[in-house]
Amino acid sequence: NSTPVHVFYLIQLAIWIDTCFSHCFIEERHKDYVMMYLHHIVTIMLVWGSYSYNYLRIGTVVLFVHDSSDIFVDLLKIFNYLKLEGKRVGWWRRAVGPA
C-alpha cells in the first residue's frame with residue numbers, strides 16, 4: 001500500500017465532489033446539465049468504488065486518462081464561453097486589437 005496513491009485518490013475524490021457541487025449549485029445551467037451531472041456522479045462512484053475495493057493501480061491509470069482528456073475539453077469550453085470563433089469576434093478582438 002502506497003501512501004501517495006491513497007492521498008492522490010482522496011484528492012481526486014475531493015475534486016470530483018467539489019466539481020459536482022459546483023456544477024449543481026454554482027455554475028450556469030447549459031443544455032448538457034443533466035449529462036454532466038450524471039458524469040460527475042458516476043465518476044465519484046467509480047473513484048470511491050475502486051478505492052474501496054483497492055483497485056488502485058487500474059484506477060490511477062483511468063484517472064490519468066480521464067483527467068488528461070479534460071484538459072482539451074475544458075479549453076474548448078473556455079473558447080466557446082469567450083466566443084473565440086475568429087480574429088474579429090468577441091474577446092479576441094479586444095485582446096489583439098483591430099486586424
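Reader: Which helix gives the most to the lining of the largest pocket?
Author: In this predicted model, helix 3 contributes the most to that lining, with seven residues.

Reader: Which other elements give two or more residues there?
Author: Besides helix 3 (56–81), helix 1 (3–25) and helix 2 (33–52) each give two or more residues to the lining of the largest pocket.

Reader: How many residues line the largest pocket, and which lie nearest its centre?
Author: The lining comprises 17 residues, and T19, M36, H40, D74 and K77 lie nearest the centre. The space in the largest pocket amounts to about 370 Å³.

Reader: What is the lining of the largest pocket by class?
Author: Six residues are charged, six are polar and five are nonpolar.

Reader: Turning to the second largest pocket, what is its volume?
Author: The second largest pocket has a volume of about 180 Å³. Helix 2 and helix 3 each supply at least two of its lining residues. Among the lining residues are Y9, V42, L46, I58 and H66.

Reader: How many charged residues does the lining of the second largest pocket have?
Author: The lining has no charged residues; seven are nonpolar and four are polar.

Reader: Y9 belongs to helix 1, I believe. Is Y9 buried or exposed?
Author: Y9 is buried in helix 1, as are H6, Q12, L13, W16, C20, S22, H23 and C24. Helix 2 and helix 3 are among what covers the buried residues of helix 1.

Reader: What span should helix 1 have?
Author: Helix 1 has 23 residues, so at 1.5 Å a residue the expected span is 33 Å. Its end C-alpha atoms are 33 Å apart, in agreement with that value.

How values were computed
Residues numbered from 1 in each chain as written. Predicted model: local features only at pLDDT ≥ 70, side-chain atom pairs only at ≥ 80, totals over all residues. Heavy atoms only, no water. 1 Å grid on protein atoms, 1.4 Å probe; cavity = no way out; pocket = protein on both sides within 12 Å on 5 of 7 lines; lining within 4 Å. Points joined across faces, edges and corners; volume = space filled by probe spheres on them. Helix = DSSP H or I, 4+ residues; strand = E, 2+ residues; numbered from the N terminus. Nonpolar A, V, L, I, M, F, W, Y, C, P; charged D, E, K, R; others polar. Expected span 1.5 Å × (residues − 1). Buried < 20%, exposed > 50% of the residue type's maximum accessible area, 1.4 Å probe, protein only. Contact = heavy atoms within 4.5 Å.
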